[in-house]
Each structure stands twice: as C-alpha cells, then as structure tokens.
Amino acid sequence: MKRPEVNPPEPSAVDSGSFRDRDGRVYRVDGRILRGLSTEALAEFETLQAAAFYNRFLERGQLVGSSRLALEEVPLPEAEKVRWAGFLEHQRVPVITYPYEWTFGMLQDAALLQLDLVEAALLDGMTLKDATPYNIQFIGGQPVFIDIASFETLPAGAPWSGYRQFCEMFLFPLLLQAYKGISFQPLLRGSIDGVGVQTAARLFGMRDRFRRGILSHVWLQSKLDRRFGGTRKDVRGELKSAGFHKELILANVRKLRKLVGKLHWGGEGSEWGAYEAFHNYSESDHAAKEAFVDECVAASAAQCVWDIGCNTGQFSRIAARHAGQVLAMDLDHYAVERLYLSLIHI
C-alpha cells in the first residue's frame, strides 16, 4: 500500500502563532521578524505603500515599520523562500501581550485605532479584511497595528467584512464591562474568537435594549444572524446590485467610533486602585521602599524589569529611571488601568 503524502514540517523559524493567513507567514530569524507574502498580498502591500494614510499612521507610530527585502537578503532556506512572491521585514515588538491581559482602556484604545485605520483606508480606496485585537500590540504604552497583510483594496459594492469580528472581539467585551460590570478578560481568554453575537444578546437583558449601541449592534445583529446565518445567498452580489457604497461603511465606522469613545468603566470592585492613599506602609517605610527599589535597579543595570504586583505603578516608575523597559502587571485590572491612563496622558 502506498503511504499517504504528508506536508513537510514547518521550519523552526516559523512563528507558531502564524497559521491563519493563507496569503502570508511570519518568521523569526536571529531576532528579526520577517513575513512571506503571496503574489496577491505583495501587490496589496505595494498599493498600501502608495496610500497617503499609510505614511501618516507610520509617522505617528501607529503602524509597525515594514520594509521590502530582496530575496537574496532573506535568511531562509531556498525551499522556504520559493513559497512566497516576496518578503517584508517588520520592526520588532519588544513584548507581545494579548487582549485578555489588557485593561478596559487598552482594549478601548486598540478599538479606536482599528476604527481609525478602517476609516482612513476607506478614504484611500482600501479596507481591513479583519478586525481582531490580536493584530494590535502596545509599544511604549501606545497601540500599534502590526498585521500589514490585513490591508486590501476595497472591492466595489462590498460591505466591511470585519464588522462582525469587530463587534465580537472589541465592542461586545467593552459594552459588557461598561454596562454590566462583567470583566471581559476571562471571556476573551476562554474564546479566541471573542464574545459571539448570540452570547452577547443573552447577556444583555430587556432593560439593556435601549442603552447606547445595544439595539443596533447586539439585538438587531443577533436577529439577522438567526435569520440569515446559514444562508448561501450571494450577499455581496446583492449589496452591489442594490447600490451599496463605501459611504455607508464610513457612516457605520464613525458611529462605532463615537460609541466606543464614550464608554467608561469606573473600576468597581478594585482592591488596589487607590494604592497611593491606602497602602500598608507607614510613610517612613514607604520612603525606604522607594529608595530600596531605586538603588537595586540602578545597581543591577537591568535592561528589562518585571514589577509583579505593580498596583498603580509607583515603583514601576522608579524602576523606569534606570531600566530600558519595565513590565508592570497586577491581578487588579483597575490598578493597572490607572497606570495605563497616566502613561497615555503624560
């Protein structure tokens, strides 16, 4: 009996998290971040480079730096290089974080960046084919979009294909925490695809229906999903025939941005959110701890310091005087939220 053919194993350089995009693959080689692109994806990148919005967001530091590599510059085996039409090299992100580790404000700012990019891309004839927070990382406290291959030319008459994903991975988690006090972190940790529209509809009761954003983005979408979720209709073709145009997408994106921007979470249930006023030390002990942290980090010459149990970041700031990078983490999300908000308002 002939043995079945199997695909050869991926080289160790392939990033283990890069598996969903059939038009690209991410590689880690000697500290460098490379991305192989298909013929179609490479053409889209060339279109993206020529778009005015791309350079604006690059200058603001909101898009990851990316440069085209000649094939002879790519440090991969020939068998791997021939799989792709071209390669990019990306700016390296110092620390990878995940949405279920973020605070409310971090997810909110990531959502606003996603919407800003969609709007700017639409105005230049492009769009983002997906809308997941896993495409965003934080560098120096600022959200940065890293999935360059997610940009594509907007087909005539096409809707925003990332709308539902945006709702399930950004909007619904934010609404649940802002309106119901339900922490989104366990929900996102338990489901890589976010909070499904039917789940969101069950979590919001009848009295929530008239809260801002619930009727249109939760209830109406859940009804449409139940009615048309299994249909095989050519929705895109029907929309094009009906005269669907990008101004309708722009109107929706702008309304979503206004909605997301007004959401607020007050940190209910926080134990250490007011650490400065209610810590467990006397003033003299507190001053001694500050001096101890300052002296230890300075003497260590550490490039990276972890502050585990950072509270609102008082000692993280002291460590940052001497270290190249400080990772501040705490079980109390509101304490970290206050630290994050203080950083972005410097």
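Mentor: Of the 346 residues in the protein, buried residues make up 44%. Please keep in mind that this is a predicted model.

Trainee: How many helices and strands does the secondary structure comprise?

Mentor: The protein has 14 helices and 10 strands. As for the range of its contacts, take those with a separation of 6 or more: residues 24 or more positions apart account for 69% of them.

Trainee: How should the interior be read, and which residues of the largest nonpolar core touch the most other members?

Mentor: The general idea is that nonpolar side chains tend to be buried together in soluble globular proteins. Here the largest nonpolar core holds 67 residues, and those touching the most other members are Phe-53, Phe-151, Trp-160, Phe-166, Leu-171, Phe-172 and Leu-175. Helix 4, residues 104-123, supplies the largest share of this core, with 13 residues. There is also a second, separate core of 10 residues, with Val-14, Val-29, Leu-34 and Leu-76 among them.

Trainee: Which residues does Phe-172 touch, beyond those up to four places away in sequence?

Mentor: Phe-172 touches Cys-167, Val-195, Gly-196, Val-197, Ala-200, His-217, Val-218 and Gln-221. One of these partners, Cys-167, is buried, with a relative accessible area of 0%. Another cysteine, Cys-304, is partly exposed at 37% relative accessibility.

Trainee: How many disulfides are there?

Mentor: The count comes to zero, taking a disulfide as a pair of cysteine sulfur atoms within 2.5 Å.

Trainee: How does one describe a pair of packed helices?

Mentor: Two packed helices are described by the angle between their axes and the distance between the axes. In this structure, consider helix 1 (residues 39-50) and helix 2 (residues 52-59): their axes come within 5 Å and cross at roughly 75 degrees. Because angles of 65 to 115 degrees count as roughly perpendicular, helix 1 is roughly perpendicular to helix 2. Helix 1 contributes Phe-45, Leu-48, Gln-49 and Ala-50 to the contact, while helix 2 contributes Ala-52, Phe-53, Tyr-54 and Asn-55. By class, the residues of this contact are six nonpolar, two polar and no charged. Phe-53 also belongs to the residues of the largest nonpolar core that touch the most other members.

Trainee: Turning to the backbone, what is the phi of Asp-30, and where is this residue found?

Mentor: Asp-30 has a positive phi of about 50 degrees, although it is not a glycine. Asp-30 is found in the loop between strand 1 (24-29) and strand 2 (32-37), and it counts as exposed at 77% relative accessibility. Ala-301, likewise a residue other than glycine, has a positive phi near 55 degrees. The loop that holds Ala-301 lies between helix 12 (283-300) and strand 9 (304-308), and Ala-301 is exposed at 55% relative accessibility.

Trainee: Is Ile-33 of strand 2 buried or exposed?

Mentor: Ile-33 lies in strand 2 and counts as buried, at 14% relative accessibility. Leaving aside neighbours within four places in sequence, Ile-33 is in contact with Val-26, Tyr-27, Arg-28, Leu-88, Glu-89, His-90 and Arg-92. The C-alpha atoms of Ile-33 and Gln-91 are separated by 7.1 Å, with the two residues 58 apart along the chain.

Trainee: What separates the C-alpha atoms of Lys-289 and Phe-315?

Mentor: These C-alpha atoms are separated by 8.7 Å, and Lys-289 and Phe-315 are 26 residues apart along the chain. Lys-289 has its place in helix 12 and is partly exposed, at 26% relative accessibility.

Technical notes: Residues are numbered from 1 along each chain as its sequence is written. This is a predicted model: local features need pLDDT of at least 70, side-chain atom pairs count only at pLDDT 80 or more; totals for chains, interfaces and linings use all residues. Side-chain values use heavy atoms; hydrogens and water are left out. A nonpolar core is a set of buried Ala, Val, Leu, Ile, Met, Phe, Trp, Tyr and Cys residues joined through side-chain atoms within 4.5 Å. Buried means under 20% relative accessible area, exposed over 50%, partly exposed in between (1.4 Å probe, protein chains only). Helices (H or I, at least four residues) and strands (E, at least two) are DSSP runs, numbered from the N terminus. Contact means heavy atoms within 4.5 Å. Axes are lines fitted to C-alpha atoms, for helices over the stretch in contact, and angles run from 0 to 180 degrees between N-to-C directions. Angles under 35 degrees count as roughly parallel, over 145 as roughly antiparallel, 65 to 115 as roughly perpendicular and the rest as oblique. Ala, Val, Leu, Ile, Met, Phe, Trp, Tyr, Cys and Pro count as nonpolar, Asp, Glu, Lys and Arg as charged, and the others, Gly among them, as polar.
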